[in-house]
Amino acid sequence: MIKKFLDLGLQPLANQYFKKKKKLSIKNGELYNLNICFNTKSKLVSISKRISSQKMFNSRYPYRSSMSSTMRNSFMSLSKEIKKRFNPNMLLEIGSNDGALIKNFSKDKVIGIEPCKNLAKITKRMKYLTYDNYWDFNLSSKIKTKFKSVDLIYSANTLTHISDLNNVFKSIVNILSDNGILIIEDPSLLECIKKNSYDQFYNEHIYLFSAISLKNILNKFKLEIFDVKNIVTHGGSLRYYIKRKSNKKLPISNNVYKQINKEIQKGLHKFITYKKFAKKVENSKVKLLEILNKVHNNKKKIIGYGATAKAVTVLNYCNINENLIANFTDTTPEKINKYIPGKNIKVLKYNKNILNNYDYAFLGAWNFKKEILNKEKKFLKNGGKFISHIPFPKIFD
Ligand code: JHZ
């Protein structure tokens, strides 16, 4: 049974930036109801409304993986690990974005899949074989006729973005060699519950996996997790190492049992856990608004730092307009001088002096807190302060 536990209100598409201020409407399909649900049988957490992939991932998609040193370093060190631990003949990446991972491999050893044509163009220009299509059974069969099989499939922050998980895994099983490895990484549901990071939910994040729910899904495809790592990216993610059950060469690491036990201890298999989480989310909204209003009443100016998809959920759920957060700043060319969907706050191009014009910076990109605080020492030294809602709303310097 699928049971709803959290209502994050009317939301726009998280990555649909506008050139002009725009009042969005439900009628035109620009706003949708963001409800979060728990499947009591599979233990899978998902959003209730599905937006078509074509509407979300098209040639205007602005998110670029290479925009932060944290992500560049993460992909670089994973590439080294893949070469050392698995040494694949052919690696296929589902959701290759702007090439942040594949550029660490030689061109004759990787295949990129990227349906956002603006991003696929980047890796094509770099001369990497890139299919600008959605990942599905037809595509996997097409690649199979050319390459027969691939021995490593990698996908970061992509599989949870595809509604039809049966098709996703059927297509993977279709092309993965008998002893092939599948590595996937996505934000961890356990970290989301612990950090109260309700902003991990938006239209693109259709699912938030736990090791428990992923295990149940993989079972249907005769796949199993043989190792798992907690990684810091995207506010705490899990990197799952998966193989066919028939491949007995690789033992199941203790890390898998440990992760599942941690999740059971936190109650991720029980609906009541999510009801409690929902209460904490409601309190977080009240507290954040209290802080922002207090700063505003003291005539201080706030800038949002990092126009993230997550921030779109926060702003729209908490109803934060430009009277509370005057602007955002971001380094992504596709977001600059555009307006945050639903709240019409302008995104300004980042420069190292931009924070000087503000008293507070709200961390939209809280997942890069370390990188950002390191970069903005001068702002802090000059009396600037940060505001974050994770794990609970507070001001800090
Ligand atoms: P970041 C996106 O989510 C969307 P978002 C997507 N659905 C997903 O799953 C994850 O990514 C993977 C900027 N920035 O990574 C760059 C600065 O301006 O948290 C980005 O716009 N200065 C695919 O959008 C944004 O912040 C900086 O110093 O929540 C970060 O976005 C740094 C570090 C970042 O993903």
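The questions and answers below go through the ligand site, the backbone, the cysteines and the cores of a predicted model. In this predicted model, local features need pLDDT of at least 70 and side-chain atom pairs count only at pLDDT 80 or more, whereas totals for chains, interfaces and linings use all residues. Residues are numbered from 1 along each chain as its sequence is written, and side-chain values use heavy atoms, with hydrogens and water left out.

Q: How many residues surround the ligand, and which are the closest?
A: A residue is taken to be near the ligand if one of its heavy atoms lies within 4 Å of it. By class, this shell has eight nonpolar, eleven polar and six charged residues, where Ala, Val, Leu, Ile, Met, Phe, Trp, Tyr, Cys and Pro count as nonpolar, Asp, Glu, Lys and Arg as charged, and the others, Gly among them, as polar. The shell has 25 residues, and the closest are His-161, Glu-204, Lys-310, Asp-330 and Lys-375.

Q: Which side chain has a polar atom 2.7 Å from a nitrogen atom of the ligand?
A: Polar contacts are pairs of N or O atoms within 3.5 Å; within protein, one must be able to donate a hydrogen and the other to accept it, and residues adjacent in sequence count only if both atoms are side-chain atoms. An N or O atom in the side chain of Lys-310 is 2.7 Å from an oxygen atom of the ligand, and a polar side-chain atom of Lys-335 lies 2.8 Å from a ligand oxygen atom. The polar side-chain atom that lies 2.7 Å from a ligand nitrogen belongs to His-161.

Q: What percentage of the area that the ligand exposes when taken alone does the protein bury?
A: Accessible areas come from the Shrake-Rupley method with a 1.4 Å probe, and for residues only the protein chains shown count as cover. Taken alone, the ligand exposes 730 Å², and the share of this area that the protein buries is 97%.

Q: Which element gives the most residues to the shell around the ligand?
A: Helices (H or I, at least four residues) and strands (E, at least two) are DSSP runs, numbered from the N terminus. The elements that give two or more residues to the shell are helix H10 (309-318) and helix H11 (369-375). The one that gives the most, with three residues, is H11.

Q: Which residues does a cis peptide bond join?
A: Pro-391, one partner in this bond, has its place in the loop between strand S16 (385-388) and strand S17 (394-396). With omega at about -5°, the cis peptide bond joins Ile-390 and Pro-391.

Q: Is Lys-148 buried or exposed?
A: Lys-148 is found in the loop between helix H4 (137-147) and strand S7 (150-156), and its phi is near 70°, a positive value in a residue other than glycine. Buried means under 20% relative accessible area, exposed over 50%, and partly exposed in between (1.4 Å probe, protein chains only). Because its relative accessibility is 70%, Lys-148 counts as exposed.

Q: Why is there no bond between the sulfur of Cys-37 and the closest cysteine sulfur, and how far away is that sulfur?
A: A disulfide is a pair of cysteine sulfur atoms within 2.5 Å, and the structure holds zero of them. Both cysteines are buried, Cys-37 at 6% relative accessibility and Cys-192 at 2%. The closest sulfur to that of Cys-37 is in Cys-192, and there is no bond because the distance is too far, at 14 Å.

Q: Which residues touch the most other members of the largest nonpolar core?
A: A nonpolar core is a set of buried Ala, Val, Leu, Ile, Met, Phe, Trp, Tyr and Cys residues joined through side-chain atoms within 4.5 Å. Of the 95 residues in the largest core, those that touch the most other members are Trp-135, Phe-169, Tyr-240 and Phe-328. The largest share of this core, nine residues, comes from helix H9 (residues 271-297), while a second, separate core of 35 residues includes Tyr-128, Tyr-154, Phe-368 and Phe-386. The names asked for are thus Trp-135, Phe-169, Tyr-240 and Phe-328.

Q: Which backbone nitrogen does the side chain of Asn-203 reach?
A: Asn-203 lies in the loop between helix H6 (189-195) and strand S9 (207-208), and at 1% relative accessibility Asn-203 counts as buried. At 2.9 Å, its side chain reaches the backbone nitrogen of Ala-14.
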